[in-house]
Amino acid sequence: MVTFVPTSVAFLFGRSIVIEVQLDDAIRRIDEVVSEALRDIQAVPTTSEVEQVRVRYTGKKSPFQQVLSIMGRLSAADRKQLGAAWNAARDSIEAALKQRDASLRSGELAQRLESEQVDITLPGVPQPVGYRHPLLQCVRDLLQILEQMGYAIYEGPEVEWERYNFDLLNTPWWHPARDEQDTFWVREGVVLRTQTSPAQVRYMEAHPPPIRVAVPGFTYRNEAEDPTHADMFYQIEGLAVDVDITLADLKGTLLQVAKRYFGPDSALRFRPHYFPFTEPSAEIDIQCRVCHGVGCRSCDGEGWLELGGSGMVHPSVLEAGGYDPEAVSGFAFGLGPNRYSMMKYGIPDMRLFRENDLRFLREFN
Ligand SMILES: [Zn+2]
């Protein structure tokens, strides 16, 4: 049985009144603090205030801590007694704080789940979704077809040297063909490219034969706009150079592109034409998709519609690209995605592509 030896000490209470207390008083004081703390902890309304209560009852300046200030003046047995009581009290306060915190947390979570509940049965608000411009869609479709046929994709500059746009394409300054292409001049010797063909020479300069390359991009002509002409239009250039490439390869390639883009019943015809950078040259016509060659309003009664230009690469262009025209031959063609798209979807006016009229664009959604 433990006997208590009364110990007199000066003990500072929270109210700063010096009172003589004994060990019993200190333990009683601990009990008071604990019951006070447990009552307050139960009354804490929110998790954020739990911490304040913790500081108030167990912090460095709390009355609970001050009880320990008499330790130094107690006998060893009393110190042990007070320490045990103090530890048990602290544990019960900590446990109560922890429990209160957990129960408040789950309550607050339940409340939050309740208040932030989403009614998934409400109908949604439709958001407008963007989609590809019909011209870009056509470009992608045509490039995909060419890629599947083994063509690399290459892009040349839109602001081009006169040399690449004309001279190296067998069109020297005195050549009458220059007059047919109304050119935007940036400054002397520099133009907005009138065709994607300059990239032919650029690509040949950088790649030895054999090559198969498609060059997509905008081209520029200084001409008035009308339903079938624009001063800025898209072109996809095709170029293939290898040993023994013939006109039959060109026809087969273009027919294959047309069949894959328009449908397997596509028919093409080649009309002799003149381009300075190909020899022989041909305009490609496609049989009208509406009347199948009989003649209708879509094709002005012709039964055929012009699709683009093509031909066998002129020997001097091969030479300009650093190739030996005695050793290799090649063909080139220009596809006009505007025209392909107009024909496939029955678009009557080329200017619609650039007017950004959503009513028109949505038709291709
Ligand atoms: Zn027709």
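## Exercises on helix H9 and the nonpolar core

**Exercise 1.** What span should H9 have at 1.5 Å a residue, and how far apart are its end C-alpha atoms?

*Solution.* H9 has 16 residues, and the expected span is 1.5 Å times one less than that number, which gives 22 Å. The end C-alpha atoms are 22 Å apart, so the two values agree. Helices (H or I, at least four residues) and strands (E, at least two) are DSSP runs, numbered from the N terminus.

This is a predicted model, in which local features need pLDDT of at least 70, side-chain atom pairs count only at pLDDT 80 or more, and totals for chains, interfaces and linings use all residues. Residues are numbered from 1 along each chain as its sequence is written, and side-chain values use heavy atoms, without hydrogens and water.

**Exercise 2.** Which residues of H9 are buried (under 20% relative accessible area, 1.4 Å probe, protein chains only)?

*Solution.* First, list them: Leu250, Thr253, Leu254, Val257, Ala258, Tyr261 and Phe262. Next, take the directions from the helix axis to the C-beta atoms: the arc is only 135°, which puts these residues on the same side of H9. Then find their partners: they pack against H5, strand S9 (268-275), S10, S11, S12 and H11.

**Exercise 3.** Which residues have the most contacts (heavy atoms within 4.5 Å) inside the largest nonpolar core?

*Solution.* A nonpolar core joins buried Ala, Val, Leu, Ile, Met, Phe, Trp, Tyr and Cys residues through side-chain atoms within 4.5 Å. The largest has 37 residues, and Ile236 and Leu335 have the most contacts inside it. Of the elements, H5 gives the most, with 7 residues.

How values were computed. Buried means under 20% relative accessible area, exposed over 50%, partly exposed in between (1.4 Å probe, protein chains only). Contact means heavy atoms within 4.5 Å.
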